[in-house]
Amino acid sequence: MIQMVLNSPFQSQDLEQALRYRREEDLLVLMQDAVVATVAPSWRARLAGIPLYVMVEDLQARGLSSGIGMELDMPGLISLIAEHGSPQTWAS
C-alpha cells in the first residue's frame, strides 16, 4: 500500500500516524507541506530506511531539496498508484 502524507509534521500528526500504521512493505509518499520533513534532522532520522518518495514539484515550490528518499513527479506518482493500488491519504 502507498501511504500519502500531505501536511507538515510540525502542524499535524499525519506523518506520525502514517508511520505508526505503516506496514513494512508500504511505500511512503510525502507531498504538499509534508515535504518539509525531508530537511528536518529529527524527521530525516526517523524516515531513514523507509521506502520513501518525495514529490519534486512540492520541494521546488518550497525552495527545498531533499537529501532522502526518491524524488517523484506526478506521472511517477500515477505509475506507483497503478502498480500498488489506491493509496491511504493522511490529510487532517
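## Helix α4 and its two sides

In this predicted model, the face of α4 turned away from its buried side carries Pro75, Ile78 and Ala82, which are exposed. The buried residues of this helix are Gly76, Leu77 and Leu80. Viewed down the axis of α4, these buried residues fall within an arc of 100 degrees, so they line one face of the helix. Their packing partners are the strands β1, β2, β3 and β4 (70-72).

Beyond α4 (74-84), the chain enters a loop that leads to β5 (88-90), and Gly85 lies in this loop. With a relative accessibility of 27%, Gly85 counts as partly exposed. Leaving aside residues up to four places away in sequence, Gly85 touches Ile2 and Leu80. The C-alpha atoms of Gly85 and Met1 are 6.7 Å apart in space, although 84 residues separate the two in sequence.

## Strand β1 and its neighbours

Strand β1 is covered on both faces: Ile2 and Met4 are buried on one side, and Gln3 and Val5 are buried on the other. In a regular strand, the side chains alternate between the two faces of the sheet.

β1 runs parallel to β2, and four bridges join the two strands. Within this pairing, Met4 stands opposite Val29 of β2. β1 also pairs with β5 in the parallel sense, over three bridges. Here Gln3 has Gln88 of β5 as its bridge partner. Together with α1, the strands β1 and β2 make a right-handed β-α-β unit.

## Helix α1

The buried residues in α1 include Asp14, Leu15, Ala18 and Leu19. Seen down the helix axis, the buried residues of α1 fall within an arc of 135 degrees, so they line one face of the helix. On the other side of α1, Arg20 and Tyr21 are exposed.

The cover over the buried residues of α1 includes β1 (2-5), β2, α2 and β5. Leu15 illustrates the contacts of this helix: apart from residues up to four places away in sequence, Leu15 touches Val5, Pro9, Leu28, Leu30, Ala37, Trp43 and Leu47.

## Two nonpolar cores

The largest nonpolar core has 18 residues, of which Val5, Leu15, Leu19, Leu28, Leu30, Leu47 and Leu52 touch the most other members. At least two residues of this core come from each of α1 (14-21), β2 (27-30), α2 (41-47) and β3 (52-55). The largest share, three residues, is supplied by α1.

A second, separate core of 11 residues includes Met4, Leu27, Leu77 and Leu80. Of these, Leu77 and Leu80 are among the buried residues of α4, while Met4 is one of the buried residues of β1.

## The aromatic pair

The model contains one aromatic pair. Tyr21 and Trp90 form this pair, which is stacked, with 6.1 Å from centre to centre and 10 degrees between the planes. Tyr21 lies in helix α1 and Trp90 in strand β5, so the pair ties together parts that are 69 residues apart in sequence.

The two partners fall into separate accessibility classes. Tyr21, at 55% relative accessibility, counts as exposed, whereas Trp90 is buried, with a relative accessible area of 13%.

## The loop between β2 and α2

Two residues of this loop merit description. Gln32 lies in the loop between β2 and α2 and has a positive phi of about 50 degrees although it is not a glycine. Most residues other than glycine have a negative phi. The relative accessibility of Gln32 is 37%, and the residue therefore counts as partly exposed.

Thr38 is also placed in the loop between β2 and α2. Its relative accessibility is 0%, so Thr38 counts as buried. When residues up to four places away in sequence are not counted, Thr38 touches Leu30, Arg44, Val54, Leu59, Ser66 and Ile68. One of these contacts, Leu30, is also among the residues that touch the most other members of the largest nonpolar core.

Conventions
Residues numbered from 1 in each chain as written. Predicted model: local features only at pLDDT ≥ 70, side-chain atom pairs only at ≥ 80, totals over all residues. Heavy atoms only, no water. Buried < 20%, exposed > 50% of the residue type's maximum accessible area, 1.4 Å probe, protein only. Contact = heavy atoms within 4.5 Å. Core = buried A, V, L, I, M, F, W, Y, C linked by side-chain atoms within 4.5 Å. Arc of directions from axis to C-beta. Pairing = 2+ DSSP bridges. Right-handed = clockwise from strand over helix to strand, strands pointing away. Phe/Tyr/Trp six-rings, centres within 6.5 Å; stacked < 30°, edge-to-face > 60°.
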